[in-house]
Amino acid sequence: MHSFTYDALPGRVVFGTGVARTGLAAEVERLGASKVLLIASDRDAERVRALTAPFADRIAAVFTAVREHVPVATAEAAREAAVGADAVLCVGGGSTVGAAKAVALTTRLPILAVPTTYAGSEVTPIWGLSEDGVKTTGTDPVVLPRTVVYDPELTASLPPELARASALNAMAHCVEVFWAPRRNPVSSVIAEEGVRALAGGLRDEDPEQLLLGAYLAGSAFAVAGSGLHHKLAHVLGGLGLPHARSHATLLPHVLAFNAPGSPEATTRIARALGCDDAVAGLRAVVAAAGMPAGLRELGLRGDQLDEVAGRTEKVVPADNPVPVGGGAMRRLVQQAWEGTT
């Protein structure tokens, strides 16, 4: 056993079918919040109104201009809406949670998160903002939600394609854990169980399994940190590619690249998927979910590949299990663009 460090993160998790309907008001009360900024997309308006009706008198302001990858202009507008608030309630997917984090980053307001996808951001201290084609990320404990309410009723109505893409985004968190900068045996155990839950949830179309897997994935990733996969995905996000589907498409390509230097990853992932070959098994899961095989299907142009490779290579952790220099990063990006291995 190698020595390791594990930073257990604080936070309250409430998980169960119907808990958003029956327990959200109590969680707002538990935070002592009386002037809540509600962040939610317009498309969730009817559902959010029903969820917040028991404490409507505590909603001081509503922000609905949620955008993927949280443009700086969105963050600034959300912060303006937070003036006078004593807490932030976000109901939605990763972009909604991201907007809440942008508010907390500068105001230090506590966040109560109610995720409606499998993004996992709600249990991480990682924030992200985009501007002029560049996505910037950072880590600050102030953006970690104080409370997360996981309710499978809220994810059961996701469009099937979005649900599958979001679940594979969560699986990318798990896979990254095995070679991330702060990898450790605790996070690896959690990540393996996350892969198992997510694969089972995708197979059985089970929102409860998927939501549990997403929670495990986010929890493991929050401690282990961001590696090659997420560094590459963030560069793509800055260029406007769709977040969850980019992660899903990249997943088997990055695993195939790192597999020779990370036998623990391939062993644990294969075991969780119930197969002999982790790369082939993961590729089969992605294909069964109907995700694109290559990034060009998501709109990445061939003339952008050098830029993507160059910007990613600069930020990949030095201890990535396989070196990315000497043209290796460029070859990975080419293969991920073409959908080949």
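The following exchange goes through the domains, an aromatic pair and a salt bridge of this predicted model.

Reader: What makes this a chain of two domains, and where do they lie?

Author: The domain assignment of the chain gives domain 1 as 12–155 and domain 2 as 160–338. Their centres, taken over C-alpha atoms, are separated by 25 Å. Contact means heavy atoms within 4.5 Å, and 21 residues from domain 1 and 25 residues from domain 2 take part in it.

Reader: How do you know how much area domain 1 and domain 2 bury between them?

Author: The value is the accessible area that the two parts lose on being put together, summed over both. For domain 1 and domain 2 it comes to about 2000 Å², with 67% of it on carbon and sulfur atoms.

Reader: How many salt bridges, and how many residue pairs in polar contact, does the interface have?

Author: Zero salt bridges are found across the interface of domain 1 and domain 2. Five residue pairs are in polar contact between the two domains, both residues at pLDDT 80 or more.

Reader: Which elements of domain 1 give two or more residues to the side that touches domain 2?

Author: They are β1 (12–15), β7 (134–139) and α5 (152–155). Strand β7 gives the most, with three residues. By residue class, that side of domain 1 divides into ten nonpolar, eight polar and three charged.

Reader: Why is the pair of Phe-15 and Tyr-150 called tilted?

Author: The whole structure has two aromatic pairs. In the pair of Phe-15 and Tyr-150 the ring centres are 5.9 Å apart, and the limit for a pair is 6.5 Å. The planes stand at 40°; stacked needs under 30 degrees and edge-to-face over 60, so the pair is tilted. Phe-15 lies in strand β1 and Tyr-150 in strand β8, so the pair ties together parts 135 residues apart in sequence.

Reader: What makes Arg-58 and Glu-29 a salt bridge?

Author: Their N to O distance is 2.4 Å, and the rule asks for within 4 Å, so the pair counts. Arg-58 sits in the loop between α2 and β3, and Glu-29 in helix α1, 29 residues apart. By this rule the count comes to 15 salt bridges.

Technical notes:
Residues are numbered from 1 along each chain as its sequence is written. This is a predicted model: local features need pLDDT of at least 70, side-chain atom pairs count only at pLDDT 80 or more; totals for chains, interfaces and linings use all residues. Side-chain values use heavy atoms; hydrogens and water are left out. Domain bounds come from an automatic or database domain assignment. Buried area is the accessible area (1.4 Å probe) that two parts lose on being put together, summed over both. A salt bridge is a side-chain nitrogen of Lys or Arg within 4 Å of a carboxyl oxygen of Asp or Glu. A polar contact is a pair of N or O atoms within 3.5 Å; within protein, one must be able to donate a hydrogen and the other to accept it, and residues adjacent in sequence count only if both atoms are side-chain atoms. Helices (H or I, at least four residues) and strands (E, at least two) are DSSP runs, numbered from the N terminus. Ala, Val, Leu, Ile, Met, Phe, Trp, Tyr, Cys and Pro count as nonpolar, Asp, Glu, Lys and Arg as charged, and the others, Gly among them, as polar. Rings of Phe, Tyr and Trp (its six-membered ring) pair if their centres lie within 6.5 Å; planes under 30 degrees apart count as stacked, over 60 as edge-to-face and the rest as tilted.
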